[in-house]
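Here is a short report for your bench notes. Please have a look at the model first, and then we will walk through it together.

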Amino acid sequence: MINFTVGPVQSSETVRAIGAEQVPYFRTAEFSATMLENEALIKKFAKASEDSKVVFMTCSGSGGMETAIMNCLSKKDKALVINGGSFGERFVELLTLHEIPFTEIKVEHGKALTAEYLKPYEGQGYTAFLMQKHETSTGVHYDVKLVSDFCKRNNLFLIVDTISTFLCDPFNMEELGVGVMITGSQKALACPPGIAVMILAPDALKRVEENKCCCQYLDLKLALKNQERGQTPWTPAVSILLQINARLKEIEANGGEEAEIERCASLAKYFRNKLVEYNLPFEIVSESLSNAVTPLHPTTASANDIFLKIKDEYGMWICPNGGSMKDTVFRVGHIGFLTTKDYDQLIDAFLDLRKKGFI
Ligand SMILES: *Cc1c(COP(=O)(O)O)cnc(C)c1O
């Protein structure tokens, strides 16, 4: 199977080989050194400030989102949240569950974020802002600079879910003044699922210090204290942390995060050009694309039927959509270990489906 989904994605040989090994004991100086190296490389690739801290939580990306809310926000906050798809909706559900006062900014599926959306909230006493940098469900890459400027003007604490965009689109955490950034191991990090990576800027560290977290397992005070010596409070997903280390070093050896972003961008471009070249009956449904994924509306067949055909008859996974977009949108990812040859194979499958009159 070739995997064109947005996670879990295909891993490199080196990363896969680590998964085949015995899991080592981890309360050792060697494992601590690996964890501190992971922290340094993550900070470097996200362009985080020197005084930021990184934690590796054993949970999926959503666990990172909940951890950020439980540790950095309280009932005294008044938050704004962008909701333009299922991951924005998840932030809304989490804020509701944890009883954080908030206002939702609804963005229509496929639409870019513009200054118009933020205007009504200038000078309204908000204290925090939550957003996806890339709303993976609709494939819309939001203008985080616009939100960053809004937050700086209004003195808001900014939490950014970069889960599907870290290492595929440019991001400068320090320049943007982001308080918390969250990513996951199975997206562009191209490792198995199981680790949420979070970077906390000094304003986030202060909030963690002053807040009470009502969950021991996700308490960032404990995670931060342990990470000072490259450890975790509980047994982490040890192998995945070793795989993350191999992957980060691989990226570093191949020219760093900018080269990796460029690699992803060129795959996206290759695929999008092929769609035009062969005049395939798919419309791109996002006003603002990330390099991570191409969201497509098939004009002649059901998106879910195409997903099933490609899986069952051609041995490839494209990424289906759920809910109201099930039959109207499918996505093709550009993260993980893919090559232009893989896209040629996918295009051939689409051409074959067209020849058979299916699309
Ligand atoms: C994948 C993803 C998540 C959730 O990640 P899980 O690992 O499935 O919990 C959250 N936000 C965005 C933007 C994502 O792409």
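The sections below cover the ligand site, the cavities and one glutamine.

## About the model

Please keep in mind that this is a predicted model. The distances, areas and volumes below are all computed from it.

## Who surrounds the ligand

Let us start with the ligand and its neighbours. There are 14 residues around the ligand, and those that come nearest are Ser60, Ser62, Thr136, Asp161 and Lys187. Sorted by class, the shell holds 8 polar residues, 3 charged ones and 3 nonpolar ones.

Which helices each supply at least two residues of this shell? They are helix H3, spanning 61-72, and helix H4, spanning 86-97. The biggest contribution is that of H3, which gives 3 residues to the shell around the ligand.

## Polar contacts and cover

Three side chains are worth picking out on your screen. Ser62 places a polar side-chain atom 2.5 Å from an oxygen atom of the ligand. Gln186 also has a side-chain N or O atom by a ligand oxygen, at 2.7 Å. For Asp161, the partner is a nitrogen atom of the ligand, and a polar atom of the Asp161 side chain lies 2.6 Å from that nitrogen.

How much of the ligand does the protein bury? On its own, the ligand would expose 380 Å², and the protein buries 89% of this area.

## Empty space inside

A probe the size of a water molecule, rolled over the atoms, reveals where space is left empty. In this model, the count is 3 cavities of 30 Å³ or more. The largest cavity holds about 110 Å³ of space.

The lining of that largest cavity is made of Phe56, Met57, Thr58, Tyr217, Asp219, Ala223, Thr232, Pro233, Trp234, Thr235 and Pro236. By class, 7 of the lining residues are nonpolar, 3 are polar and 1 is charged. Strand S2, residues 53-58, provides the largest share of the lining, with 3 residues.

## A glutamine in helix H9

Finally, turn to Gln227, which sits in helix H9, residues 220-227. Is Gln227 buried or exposed? Its relative accessible area is 4%, so Gln227 counts as buried, because the cut-off for that label is under 20%.

The Gln227 side chain has a polar partner as well: one of its polar atoms lies 3.4 Å from the backbone oxygen of Met35.

Conventions
Residues numbered from 1 in each chain as written. Predicted model: local features only at pLDDT ≥ 70, side-chain atom pairs only at ≥ 80, totals over all residues. Heavy atoms only, no water. 1 Å grid on protein atoms, 1.4 Å probe; cavity = no way out; pocket = protein on both sides within 12 Å on 5 of 7 lines; lining within 4 Å. Points joined across faces, edges and corners; volume = space filled by probe spheres on them. Helix = DSSP H or I, 4+ residues; strand = E, 2+ residues; numbered from the N terminus. Nonpolar A, V, L, I, M, F, W, Y, C, P; charged D, E, K, R; others polar. Near = heavy atom within 4 Å. Polar contact = N/O pair within 3.5 Å; in protein donor to acceptor, adjacent residues only side chain to side chain. Areas by Shrake-Rupley, 256 points an atom, 1.4 Å probe, with all protein chains shown as cover. Buried < 20%, exposed > 50% of the residue type's maximum accessible area, 1.4 Å probe, protein only.
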